[in-house]
Protein chains: 2
Amino acid sequence: MQNLSSEEQHQESGVRRQVETIRPASAGPSAELKAVTGVDVDPSTELRAGWQGYPLLAGINGVGDLKGLSVAQLKQLADEIRQFIIETVGRTGGHLASSLGVVEITLALHYVFDFEKDKLVWDVGHQCYAHKIVTGRKEEFRNLRHAGGVSGFPNPEESPYDQFAVGHAGTSIGTAIGLALGEALRQAQGEAKQAGQNKIVALVGDGSIVNGASFESLNNLGLVKRQMLIVLNDNSMAIDATQGAVAKYFSKIRLSQTYEDLRRTTSDILEHTPVIGKTVEEAIERIKKSIRMVLPASQLFESLNVPYFGPVDGHDIGALVQLFRAMKQVNHPVILHCHTKKGMGFTPADSQPSKYHSTGPFKMNGDVVEPATEKQGRSFTDAFGDELVRLAEKDKKVVAISSAMCEGTGLKKFRERFPDRFYDVGIAESAAVEIAAGLAKSGMRPVVCIYSTFLQRSFDQIFQEVSLQNLPVVFCIDRAGMVGADGPTHHGLMDIGYLRMMPNLALISPADAVEVGGALGFALSADRAVCVRYPKEIIASQQIAESSSEPFVLGKSVVARRSDKSVAVIISYGSILVEAIAAARALAEEGIEVDVINARFAAPIDSRIVELLGSGKPVITVEDHGVACGFGSAVMEAAGQHSGGFVPQRDGGAVRMLGVPKRFVRHNSRNNQLMEVGINADKIAETVCQMLNR
Amino acid sequence: MQNLSSEEQHQESGVRRQVETIRPASAGPSAELKAVTGVDVDPSTELRAGWQGYPLLAGINGVGDLKGLSVAQLKQLADEIRQFIIETVGRTGGHLASSLGVVEITLALHYVFDFEKDKLVWDVGHQCYAHKIVTGRKEEFRNLRHAGGVSGFPNPEESPYDQFAVGHAGTSIGTAIGLALGEALRQAQGEAKQAGQNKIVALVGDGSIVNGASFESLNNLGLVKRQMLIVLNDNSMAIDATQGAVAKYFSKIRLSQTYEDLRRTTSDILEHTPVIGKTVEEAIERIKKSIRMVLPASQLFESLNVPYFGPVDGHDIGALVQLFRAMKQVNHPVILHCHTKKGMGFTPADSQPSKYHSTGPFKMNGDVVEPATEKQGRSFTDAFGDELVRLAEKDKKVVAISSAMCEGTGLKKFRERFPDRFYDVGIAESAAVEIAAGLAKSGMRPVVCIYSTFLQRSFDQIFQEVSLQNLPVVFCIDRAGMVGADGPTHHGLMDIGYLRMMPNLALISPADAVEVGGALGFALSADRAVCVRYPKEIIASQQIAESSSEPFVLGKSVVARRSDKSVAVIISYGSILVEAIAAARALAEEGIEVDVINARFAAPIDSRIVELLGSGKPVITVEDHGVACGFGSAVMEAAGQHSGGFVPQRDGGAVRMLGVPKRFVRHNSRNNQLMEVGINADKIAETVCQMLNR
């Protein structure tokens with residue numbers, strides 16, 4: 001796969017201009033997409049020159065510059081950083097509320113530890129903005145999540161201060177255990193001296209700690225026989241309010257705490273924290289007793305045999321510095337429970353943290369926040385949400401399940417309309433699918449709405465609990481394909497592959513709003529599990545082909561464009577059809593007629609598609625998914641299993657598969673990403689020309 | 001894909017007899033395989049006619065027959081069933097120890113509940129033998145895990161008393177929550193009356209409860225506002241001894257309990273259990289207080305807000321009957337913690353429960369247990385275990401990670417030799433991979449040994465924590481391909497697919513013992529993650545092709561057999577090479593020469609393989625994996641991405657992919673399964689003939 005810059009690609013394409021002019025204005029991934037992906041900088045907001053207004057931040061060019069500050073200066077720096085984050089995210093969009101809440105913890109950690117050799121591991125990682133700003137990336141932070149700027153998540157390619165590129169929840173404790181075990185082995189093997197032991201810190205939110213992966217790792221924390229600090233950043237919120245028993249437990253603790261309690265806990269901990277010279281066990285016992293007098297809050301972690309300290313005020317930077325200094329000395333794993341406020345310092349996010357978890361660019365109008373750009377269309381997500389409510393009105397068996405993503409997956413209306421038929425399980429994708437399987441077994445029609453990349457956590461449950469049982473669960477797989485600014489951890493490029501291996505599942509993808517209705521209607525009436533994939537994209541407001549209104553029939557494709565004089569066939573799967581049709585129109589302008597097939601199904605594959613491979617015409621498959629194991633791959637396989645094998649009938653018949661190559665595609669606008677990997681109209685048209693030797 | 005019986009297939013094949021005679025005696029999946037799969041009935045042990053010696057069991061033809069028994073008779077029946085299980089598993093092989101431990105719980109559940117309408121959900125499910133015996137399947141149980149007999153796991157196709165076909169751990173609580181929510185909705189929607197509420201019971205072991213999926217579901221148990229009973233069968237053992245903090249916690253409880261304590265707990269619970277008429281909350285408070293006096297054992301579950309009762313004696317059938325009757329009335333979820341003894345009633349399993357977790361056929365010689373058949377060869381698993389120890393002697397960075405499968409994955413020698421470099425994380429595949437990623441990041445060379453089917457639980461961690469970070473973790477993927485007697489939940493038919501989508505991973509598979517050394521040596525010195533797959537199979541004791549001794553080179557295949565007069569090419573991936581070579585020899589006897597390529601790599605695909613597709617000769621790919629997204633599929637894709645697309649050069653060139661079709665293959669011997677799906681020597685030879693029109 002060639003890896004051309006977008007400009008080179010433009011120059012290369014002979015039909016580029018035509019494509020631009022004929023792409024339907026309402027449907028193309030053009031300007032209006034930006035409202036959804038939120039990655040284009042609002043031109044009306046000027047970039048502030050230099051560091052005017054940021055007296056302390058101006059001097060912070062690396063973590064070394066923090067070390068000389070006083071606690072009072074750290075407090076001021078925290079305020080400046082928060083202001084800088086708000087200003088930047090207002091221009092670029094991004095994860096606002098959680099990043100604001102964790103500024104003091106971040107500064108105190110960098111103040112106390114030396115993360116050039118110590119290791120700081122982020123969980124999920126979207127809260128790492130302050131960390132990026134103080135680790136030498138403040139200039140690149142101005143272009144947060146844009147090409148050329150820093151990504152929105154930790155990324156070792158950007159900085160040695162980032163250990164792991166992350167974006168999924170619940171893995172920090174496990175990877176930190178691995179680091180701690182590795183460090184211990186290196187010491188035992190004589191590679192590092194006891195005195196020079198590198199410290200390990202994992203920073204995990206209350207939304208992540210309830211994930212099964214976190215629990216499995218907490219349960220194995222006993223493997224670690226050396227220092228390891230887990231900071232639990234408890235802001236009572238994952239993306240939506242955290243769900244489940246642990247969240248209730250935390251919230252009970254939180255409600256019972258006054259500010260004075262938090263201060264008392266802090267001083268109790270400091271007074272009793274084991275330091276070198278004292279027996280650790282003795283000190284731990286003392287501290288437990290002392291804290292229990294304040295609050296019996298530690299029972300969950302104590303039963304897991306994890307020494308627990310807290311809760312403490314996660315915005316009291318002076319106390320945090322003292323606490324981290326004490327915890328640094330402890331020679332076994334400990335958990336420090338910090339209370340923070342999601343959206344701290346930004347009044348609108350303060351009161352609506354869920355709304356500002358991830359935001360597009362915005363402007364402040366006094367205290368009122370306004371989107372920087374007008375929303376120019378409806379997203380696939382919204383279309384699905386609306387359609388699901390419509391169908392659920394007619395069928396009381398329809399229930400919906402979210403995994404901490406009610407708003408993100410468009411289920412808000414459903415939750416409001418059918419509170420008794422809606423379940424949010426928190427960041428627990430595995431449990432979501434198990435529960436859906438049970439609901440289906442009892443006769444309900446569960447719809448599981450999870451982003452493609454997060455559904456990877458449910459792979460085994462989809463296999464055992466759904467496919468093997470042949471239960472009619474519907475999977476609404478949002479953010480399938482390229483996702484734009486969130487980058488590699490969030491792209492949904494493997495769902496076709498991991499799902500089409502499983503018996504009993506049908507895989508479908510609608511191309512426009514009319515097909516959304518058809519697809520969801522089909523899914524909810526099918527006698528099997530159906531996986532419906534759709535991208536983070538503006539949806540075409542009118543149907544993009546006449547065939548969109550034809551009903552969905554199991555394993556049947558439809559013809560989106562046909563010509564008697566066609567010399568090639570484009571077979572498209574899903575919303576990328578708009579690009580395929582734009583390519584066909586552009587080619588027609590050049591006198592090259594091609595047929596366009598809307599496959600609709602990636603499993604089962606329409607046998608008529610297999611027959612096309614033998615037609616002697618070049619065939620191009622197009623999908624917004626990895627080429628490996630994707631739709632095109634399924635077509636090739638179907639051909640290879642055809643009776644007698646895959647024998648094209650005449651010379652000249654050839655197949656090309658367009659999709660995402662097997663490499664990680666960086667954060668950028670979705671438009672640019674499609675162009676970069678070559679699945680936009682230009683590149684499709686170009687490929688047709690290549691195959692025809694024109 | 002044709003679905004012929006094995007006899008039809010035999011008749012169909014013109015070259016069958018030759019294949020039989022030329023298959024190398026030391027290598028073929030023939031008689032010696034049985035020692036590994038343990039599925040062939042030992043002919044020296046005669047089937048006992050009728051039900052002589054089982055006076056009570058003789059009369060049990062369905063759960064209805066239990067209802068009239070007294071508690072004393074239930075006790076006797078438990079003993080008879082245990083005897084019948086020991087006798088049967090001695091002949092057939094199977095999961096012995098855990099099934100023996102749970103007989104009383106099973107009988108008491110069926111005595112109290114009516115699982116024709118109530119729902120009993122098993123976790124993992126290998127402990128369901130007594131359940132199968134009393135639910136009308138005792139005759140079929142004589143052929144446990146054999147074709148024609150019952151499977152070794154719950155299976156709704158066998159009986160309406162089985163809700164879910166399971167075999168992976170940690171999902172029962174989630175599916176039970178789904179069933180409970182579904183039942184509640186049906187009632188709310190007027191489909192079932194309050195009086196006729198169906199009860200829900202989940203039965204989960206202490207090995208499964210520490211799995212992340214269990215925790216996610218426990219955390220969401222608050223969704224259920226009606227009866228749901230979780231029976232925690234705590235025998236201190238998963239497959240090996242259960243690992244982690246929760247296990248230690250349970251074991252502390254266990255050690256502090258005398259038999260008298262258990263009886264006192266039981267009567268305390270019964271005395272205070274809420275019944276209709278009393279306020280539930282009031283009763284729960286009373287019972288908590290009463291139990292706390294005995295033991296403060298409930299803190300883990302209480303902090304999760306799960307009402308907890310116990311521990312009680314899981315072998316006291318009279319008490320269990322009373323307890324279940326009480327729990328049946330409670331209108332919210334409860335957990336009942338039962339202490340049982342894994343291997344109860346079978347002295348050898350009693351003292352070595354890990355050894356008898358899953359066993360081949362055996363004979364009793366007094367109190368001494370002897371394998372019924374002599375072990376006739378070394379397995380791939382053993383070869384890997386030995387080779388890993390050899391390589392770890394030379395490289396102190398090599399560490400090994402198991403997920404409760406130390407013996408099953410051949411790591412026993414490694415654990416003994418390098419206790420400080422071995423980690424068992426319990427049934428926690430996700431955490432295993434996270435910890436491995438951390439170890440790799442700190443400079444170690446972690447080797448993660450997990451069965452193919454269970455590694456599905458780590459799919460997302462392999463993506464985010466390994467592939468995205470480009471860390472050199474080695475995955476030793478045991479039980480890849482058909483697994484024989486364990487059936488659909490245990491086949492490893494998707495690993496090539498779910499792994500080959502990921503950047504930075506190399507996928508390899510050795511064909512014989514010589515290649516095991518080459519493959520593992522390559523994996524441990526590669527600059528990236530390497531996935532090594534191998535089956536549950538006897539390994540060829542000598543190399544099966546000269547090329548086996550050629551070193552492994554990234555992305556390079558080797559030629560296993562070549563002829564100047566070849567008219568077709570077989571491309572084989574992994575241990576199935578022995579069948580491909582046998583097919584080639586048989587065809588040569590008929591005057592048909594074919595080349596055989598040993599691909600070695602499924603990612604990256606050797607470009608020379610792609611070139612073969614254009615050679616004009618028929619090409620057959622062979623793999624012990626699903627055709628969907630498998631090795632053959634990767635070859636087709638590589639061709640489709642080749643410059644100019646896939647254009648065979650001459651007429652007659654064709655590709656066929658042999659592998660496992662997209663359907664579930666039932667328990668049987670591995671031999672029969674390979675034959676059934678058509679990837680044995682006979683079928684390969686047949687396919688070549690078909691393609692050549694001979």
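How many of the residues in chain A are buried? Buried residues make up 65% of the 694 residues in this chain, where "buried" means that 20 or more other C-beta atoms, placed from the backbone, lie within 10 Å of a residue's own (12 or fewer is exposed, in between is partly exposed). A quick note before the views: this is a predicted model, where local features need pLDDT of at least 70, side-chain atom pairs count only at pLDDT 80 or more, and totals for chains, interfaces and linings use all residues. Residues are numbered from 1 along each chain as its sequence is written, with chains lettered from A and ligands numbered from 1 in the order in which they are written.

**View 1. Chain A as a whole.** Chain A has 28 helices and 19 strands; these are DSSP runs numbered from the N terminus, with helices (H or I) of at least four residues and strands (E) of at least two. Take its contacts with a separation of 6 or more: 79% of them link residues 24 or more positions apart. Here a contact means two C-beta atoms, placed from the backbone, within 7 Å.

**View 2. Two chains and one axis.** Chain A lands on chain B after a rotation of 180° with 0.0 Å of shift along the axis, and the RMSD is 0.0 Å. That superposition is by least squares on the C-alpha atoms of residues with pLDDT of at least 70 in both copies. The two copies are therefore related as by a two-fold rotation axis. Within chain A, Gly212(A) has the C-alpha nearest the axis, 1.8 Å from it. Both copies use the same surface, as 98% of the contact residues of chain A recur in chain B.

**View 3. Where the chains touch.** The contact takes 101 residues from chain A and 99 from chain B. On the chain A side, the largest share, 12 residues, comes from helix α8 (residues 172-188). Sorted by class, that side has 49 nonpolar, 36 polar and 16 charged residues; Ala, Val, Leu, Ile, Met, Phe, Trp, Tyr, Cys and Pro count as nonpolar, Asp, Glu, Lys and Arg as charged, and the others, Gly among them, as polar.

**View 4. An open sheet in chain B.** Five strands pair in parallel here, in the order β1-β2-β3-β5-β4; two strands count as paired if DSSP finds at least two bridges between them. β1 (119-122) and β4 (308-313) of chain B stand at the edges with a single partner strand each, so one side of each is left without a neighbour in the sheet. Zoom in on β4(B) and you'll find 4 bridges to β5 (residues 333-339) of chain B, with Asp313(B) partnered by His339(B). Pro311(B) lies in β4 of chain B too, and the peptide bond to Pro311(B) from Gly310(B) is cis, with omega near 0°.

**View 5. Helix α11 of chain B and its cover.** Ala245(B), Val246(B), Ala247(B), Phe250(B) and Ile253(B) are buried in this helix, which spans residues 245-255. What covers the buried residues of α11(B) includes α10 (212-219) of chain A, along with α9 (206-209), β3 (228-234), α14 (299-303) and β4 of chain B.

**View 6. Strand β10 of chain A.** All 7 of the 7 residues in β10 (residues 445-451) are buried. Arg445(A), Val447(A), Cys449(A) and Tyr451(A) point one way, while Pro446(A), Val448(A) and Ile450(A) point the other. Strand β8 (residues 398-402) of chain A runs parallel to β10(A), joined by 5 bridges, and Val399(A) stands opposite Pro446(A). Another 5 bridges link β10(A) in the parallel sense to β11 (residues 474-478) of chain A, where Tyr451(A) has Asp478(A) as its bridge partner.

**View 7. Around Cys629 and helix α26 of chain A.** Most residues other than glycine have a negative phi, and most peptide bonds are trans. Cys629(A) has a positive phi of about 65° although it is not a glycine. Look for Cys629(A) in the loop between β18 (619-626) and α26 (631-641) of chain A; Cys629(A) is buried, with 31 other C-beta atoms within 10 Å. As for α26(A), 11 of its 11 residues are buried, so the helix is largely enclosed by the rest of the structure.
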